[in-house]
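Open the model in your viewer and keep the selection box ready. Each stop below says what to pick and what is there.

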Amino acid sequence: MRATHILLNIVNIEILCGVWEDLSRVNIIGKMAAVASSGKQSNASESDFKDPLGVRDPLTSALEEESDEYDFEYYLSQISPTSTGSIDLSYDQNNGQCSMKKSSDNELENDSHDLFVIVDNPEKHVSTMESYITFRIITKTTRSEFDSQECQVRRRYNDFIWLRQRLEESHPTHLVPPLPEKHSLRRFDRFNQEFVRTRMAALQNFLQRIANHPVLSFNKHYYTFLTAKQWEFQSAKKEGTGIITRLTDSFHSRSAALLIKNRTPEFNDITNYIYAFGEKLYTIEQTSQRIVKEECDLLTELNDWGPIFTLWSNSEENLNGALSAMAKSVEKCYAGLQELVDATDVNFGNRVKEYILYAEAIKGVLRKRDAIQMEYDMILEELNRKKEEKEQANEDVLKDIHELSRQVEVLNDKATCANADLKADLERWHKDKRVDFHELFVGMADRQITYCQKCLEAWEEAIPTIQKSDLDSAEIPPPHSSTN
């Protein structure tokens with residue numbers, strides 16, 4: 001009977017493995033896209049989620065019947081993480097150290113980009129006032145404005161916040177990549193090795209995305225961040241706008257988004273898309289967290305289950321082999337599930353969270369664009385009103401008309417540039433997003449397949465031992481009851 005139950009479990013695992021292996025990589029993306037697009041928590045319709053720029057989105061493109069327009073393998077060969085200078089970060093569980101696989105110098109030289117940034121070597125600093133982590137930032141470039149082709153500095157998280165604020169102030173209509181959250185709700189120890197490794201990878205992505213941007217990468221604050229010595233950098237941080245100015249600008253942008261009347265249909269579509277995209281990613285993140293929680297509960301049960309078989313085997317001589325095999329299989333399943341939970345949390349959850357923050361960043365840029373548009377509409381309305389009064393106009397009114405005409409011309413140019421900047425950044429963002437989600441879903445599928453295969457192998461190894469124990473037990477005659 002025990003062997004029968006174990007065989008049934010193995011059959012279930014084989015079926016699950018077969019399901020995962022039968023799904024191709026593109027089909028997996030389609031399945032997850034269908035789940036994301038049908039989330040009940042989102043109030044947006046499918047038409048709201050349509051890509052306004054005509055760039056196919058991985059969360060919706062799989063819903064269409066014909067998907068031969070884009071070839072994933074060809075696309076990845078043209079735009080790959082290696083070609084954009086990304087670094088493969090890894091974590092050594094044995095020695096607890098962060099490490100990375102760097103591209104060789106030849107690979108960097110052959111790439112079309114001319115600026116590469118590497119974040120590594122985290123160090124903890126303890127002073128009487130505070131404790132914090134700094135990261136080494138290595139910059140390799142062929143740009144003439146840099147004094148050398150390679151430079152190194154150390155920066156802490158607050159320095160990254162300063163950089164992002166300065167980029168937003170200098171380029172309000174460009175999309176500045178988001179930073180990882182300062183604190184983790186799931187890990188309160190910010191000096192935990194896994195938390196530091198995860199943050200280091202996120203900061204690496206942040207700096208490299210800026211390095212690949214055709215405008216942001218030439219910003220003077222970015223140059224200062226990458227090259228300035230510590231005392232020079234601290235001096236530069238004291239310059240800039242204060243918190244009151246930033247709060248005022250933020251309030252102005254938010255109010256403009258609510259009051260604007262003449263937003264173009266194109267940007268209406270973009271706004272609806274981004275809000276729907278954020279809602280669906282939030283649903284995916286919440287569902288992923290619930291799945292991880294259930295898997296953690298299963299880990300606890302498996303951790304308690306294995307020792308029970310071990311203790312039982314000590315008191316059952318005839319079943320010792322079968323019970324020991326059961327305990328060993330449970331331990332292997334526990335180890336495989338632990339790897340799956342850790343990888344899902346780091347590789348899936350953090351990447352989804354990054355794009356949730358990206359959606360919020362895009363909303364902020366859209367609000368700034370709306371503020372420019374609203375200011376232009378208000379000045380234009382005032383100019384038209386003055387022109388209607390031109391017949392009774394005196395010299396002061398004519399001066400007002402001239403000044404308003406000049407302001408309308410300036411604001412029109414400003415609004416046109418803002419629209420062009422935002423559309424170009426969104427198109428670039430869509431391309432990056434397509435690659436990232438392709439890797440995200442394929443990686444998730446591979447991890448699930450690996451976990452199921454490990455469980456299957458563990459139980460297959462246990463079956464011969466269990467069957468042998470059953471045969472040995474059958475040869476031993478049952479004990480006879482004694483009679484008085």
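**Stop 1: H221**

Select H221. This residue sits in helix α7, which covers residues 220-227. Bear in mind as you go that the model is predicted. Is H221 buried or exposed? H221 counts as buried, because its relative accessibility is 17% and the cut-off for buried is under 20%.

Now show the surroundings of H221. Leaving aside residues up to four places away in sequence, H221 touches W162, L163, R166 and S170. Add K237 to the selection. Along the chain, H221 and K237 are 16 residues apart. Their C-alpha atoms are separated by 9.5 Å.

**Stop 2: the sheet**

Next, select residues 115-126, strand β3, together with residues 131-141, strand β4. The two strands run antiparallel, and ten bridges join them. How many residues make up the hairpin link from β3 to β4? The hairpin joins them through four residues.

Pick out two facing pairs here. F116 stands opposite K140 in β4. H125 has Y132 in β4 as its bridge partner.

Add residues 150-156, which form β5. β4 and β5 pair in the antiparallel sense, over seven bridges. Two facing pairs can be shown here as well. R136 stands opposite R154 in β5, and I137 stands opposite V153 in β5.

Look at the three strands together. They form an open sheet in the order β3-β4-β5, with antiparallel pairing. Which strands lie at the edges? β3 and β5 do, as each of them pairs on one side only. On average, neighbouring strands of this sheet are turned by 20° against each other, direction ignored.

**Stop 3: N121**

Stay on β3 and select N121, which has its place in that strand. Check the backbone. Phi of N121 is near 50°, a positive value in a residue other than glycine. Now check the surface. N121 is partly exposed, with a relative accessible area of 32%.

**Stop 4: helices on the sheet**

Bring back the whole sheet of β3, β4 and β5. Neighbouring strands there are turned by 20° on average, direction ignored. Add helix α5, residues 157-170, which packs on the sheet and touches β4 and β5. The direction of α5 makes about 105° with that of β5.

Then add helix α6, residues 193-211. Helix α6 lies across β3 and β4. Against β3, α6 runs at about 145°.

**Stop 5: α5 against α6**

Hide the strands and keep the two helices. The axes of α5 and α6 come within 12 Å and cross at roughly 30°. How does that angle class the pair? Angles under 35 degrees count as roughly parallel, and therefore α5 and α6 are roughly parallel to each other. α5 passes α6 in a left-handed crossing.

Show the side chains in the contact:

- On α5, select Y157, F160, L163, R164 and L167.
- On α6, select R199, L203, F206, L207 and I210, which the α5 residues meet.

Colour these residues by class. The contact of α5 with α6 has eight nonpolar, no polar and two charged residues. One name should be familiar: L163 is also among the residues that H221 touches.

**Stop 6: α10 and α11**

Move on to residues 265-315, helix α10, and residues 320-388, helix α11. Their axes come within 8 Å and cross at roughly 165°. That angle makes α10 roughly antiparallel to α11, because angles over 145 count that way. α10 passes α11 in a left-handed crossing.

Colour this contact by class too. The residues of the contact of α10 with α11 divide into 32 nonpolar, twelve polar and six charged.

**Last stop: the whole chain**

Zoom out and show everything. The protein has twelve helices and five strands. How many residues does the protein have, and what share of them is buried? There are 484 residues, and 42% of them count as buried.

Finish with the contacts. Take the contacts in the protein with a separation of 6 or more. Residues 24 or more positions apart account for 75% of them.

Conventions:
Residues numbered from 1 in each chain as written. Predicted model: local features only at pLDDT ≥ 70, side-chain atom pairs only at ≥ 80, totals over all residues. Heavy atoms only, no water. Buried < 20%, exposed > 50% of the residue type's maximum accessible area, 1.4 Å probe, protein only. Contact = heavy atoms within 4.5 Å. Pairing = 2+ DSSP bridges. Axes fitted to C-alpha atoms, helices over the stretch in contact; angles between N-to-C directions. Parallel < 35°, antiparallel > 145°, perpendicular 65-115°, else oblique. Left-handed = near helix turned anticlockwise from the far one by under 90°. Nonpolar A, V, L, I, M, F, W, Y, C, P; charged D, E, K, R; others polar.
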